[in-house]
Amino acid sequence: MNNKLTKLEKYWILYDVGNSAFVLLVATILPIYFNYLAGEAGISEVDYLAYWGYAASVATVICAVIGPVLGSIADTRNYKKPLFTACMMVGVIGCAALSFPTSWIVFLAVFVFAKVGFNASLIFYDSMLTDVTTEDRLDTVSSNGYAWGYIGSCIPFAVSLVFVLFYDSIGISFQMSMTIAFFLNAAWWLLVTLPLLKNYKQTHFSSDDENSGSLIRNSFSRLGHTFIEISKQKKIFYYLLAFFFFIDGVYTIIDMATAYGSALGLDTTGLLLALLVTQIVAFPFALIFGKLSQKFRTEQLIRFCIGAYTLIALFAIQLDKQWEFWLLAVCVGMFQGAIQALSRSYFAKIIPPEKSGEYFGIYDICGKGASFLGTFLVGLVAQITGVTNAGVAVLSVMFVIGFVLFGKAAKMQ
């Protein structure tokens, strides 16, 4: 197989570089600014955390509801690109607009707006994978997307960090430094997406009736048929169940690592640096797993990643030293991009390419739903037992369930 990426594959990968800047912004700088706005309004730290969690949940629920429907509409000829463009622009405009609100509640509303645009754009972006490359290159291209997304997002992040951490030395206000960060990341996101917008063409689409007057009705009808198909196609059904459980553990570990770092006494700068380490480590390892996919079956590599994450979860149970936290950050980086990239490409291989939009809409529900369950269970078990580490133990169970279900899916035709 030719390892050289085509121009269209590179353009598709660039969108991961663009949107990953927003992901890093949301994970690091955005909460700092919201904390500032909430503090100015006299909001307690407990309420601040609760409101931030509510906003993220609202964005997730909205996308879980509209995702499959939009995905189904996108499977109509020539609809995927305009829908992708619209959602991407909602995210970009929302990111830039975050610099305007001075009220914490308006800021949260704009954040939900931007997050919905970002999440929705990923449904179309992921489903474009079958259009931009061939089946034998799905693993390689998907892995490159995550790899370059991780390392590329560090560029606007590092520049933003200079303004946010050293605004006094530069001679600007904190608000101005945040405005620069928001506009910089929005501009980065938009500019690196332009090559894909210019060159992408939808090659797989549904052959159903494309009468625009019945487009919405047809999309719901197709979606209903898809759910019935999935219930009958045991391989896809068991894979989605497995994905729900193991990706739940992946996302929760990412969230819990930061919480553990805070508990261990790492300051804001330390946490930001640890996150950067994870991003940097994820870059080469995502590429390595992309190369390995040419020698080993994708199923074997996914199983290996799930097994590695099970060990990471078990290690996190006893984590109580700062060096252990840094080791955890490195280990997460080694498998984070790989498991996400291979999961995406494996799903693209087992679904009908002409229905990739609606299938990835459902895939997105499993990913977003998992992010709810993991954090909820960790919190619940920790509260019941009174031991934080006991909550983390739940994650190892999640990975074992995901491993077993994936093994069952892999054996099916």
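## A buried pair, E9 and R137

In this predicted model, E9 and R137 are both buried, and the two residues form a salt bridge in which the closest N and O atoms are 2.7 Å apart. The pair links distant parts of the chain, since E9 belongs to helix 1 (residues 7-27) while R137 sits in the loop between helix 6 (129-132) and helix 7, 128 residues apart. In general terms, side chains of opposite charge can pair when their charged atoms come close.

## Other salt bridges

The count of salt bridges comes to six. One of them joins D126 to R344, with 3.0 Å between the closest N and O atoms. D126 lies in helix 5 and R344 in helix 15 (residues 322-350), so this salt bridge ties together parts that are 218 residues apart in sequence. D126 counts as buried because its relative accessibility is 12%, under the 20% limit for that class, and R344 is buried as well, with a relative accessible area of 2%. D126 and R344 are also linked with D16 in a network of salt bridges.

A further salt bridge is formed by D139 and K349, whose closest N and O atoms are 2.6 Å apart. Here too distant parts of the chain are linked, with D139 in helix 7 and K349 in helix 15, 210 residues apart. The two partners are covered to unlike degrees: D139 is buried, with a relative accessible area of 4%, whereas K349 is partly exposed, with a relative accessible area of 28%.

## Helix 7

Helix 7 (residues 138-152), which holds D139, has 15 residues, and at 1.5 Å a residue these should span 21 Å; the C-alpha atoms at its ends are 21 Å apart, so the expected span and the one in the model agree. Helix 7 is also mostly covered, with 13 of its 15 residues buried.

## The nonpolar core

The largest nonpolar core contains 113 residues, and the residues with the most contacts inside this core are W12, F107, Y239, F246, Y309 and F347. Helix 5 (residues 104-127) gives the most to the core, contributing 13 residues. As a general background, nonpolar side chains in soluble globular proteins tend to be buried together.

Among these core residues, F246 can be followed through its contacts: leaving aside neighbours within four places in sequence, F246 is in contact with Y239, I302, I306, I339, S343, M398, F399 and G402.

## S127 and F244

S127 is found in helix 5, and at 0% relative accessibility S127 counts as buried. When residues up to four places away in sequence are not counted, S127 touches K80, S356, G357 and F360.

F244 has its place in helix 12 (residues 234-263), and at 21% relative accessibility F244 counts as partly exposed, because the buried class requires a value under 20%. The C-alpha atoms of F244 and C366 are separated by 5.1 Å, although the two residues are 122 residues apart along the chain.

## A nonpolar patch on the surface

Nonpolar residues are found on the surface as well, where V58, V61, I62, V65 and I66 form a patch with about 370 Å² of accessible area together. I66, one of these residues, lies in helix 3 (residues 45-74) and, at 31% relative accessibility, counts as partly exposed. As a general point about geometry, an α-helix has 3.6 residues a turn, so residues three or four places apart point the same way.

Key. Residues numbered from 1 in each chain as written. Predicted model: local features only at pLDDT ≥ 70, side-chain atom pairs only at ≥ 80, totals over all residues. Heavy atoms only, no water. Core = buried A, V, L, I, M, F, W, Y, C linked by side-chain atoms within 4.5 Å. Buried < 20%, exposed > 50% of the residue type's maximum accessible area, 1.4 Å probe, protein only. Helix = DSSP H or I, 4+ residues; strand = E, 2+ residues; numbered from the N terminus. Contact = heavy atoms within 4.5 Å. Patch = residues over 30% accessible without salt bridge, like charges linked within 9 Å, V, L, I, M, F, W, Y side chains within 5 Å. Areas by Shrake-Rupley, 256 points an atom, 1.4 Å probe, with all protein chains shown as cover. Salt bridge = Lys/Arg side-chain N within 4 Å of Asp/Glu carboxyl O. Expected span 1.5 Å × (residues − 1).
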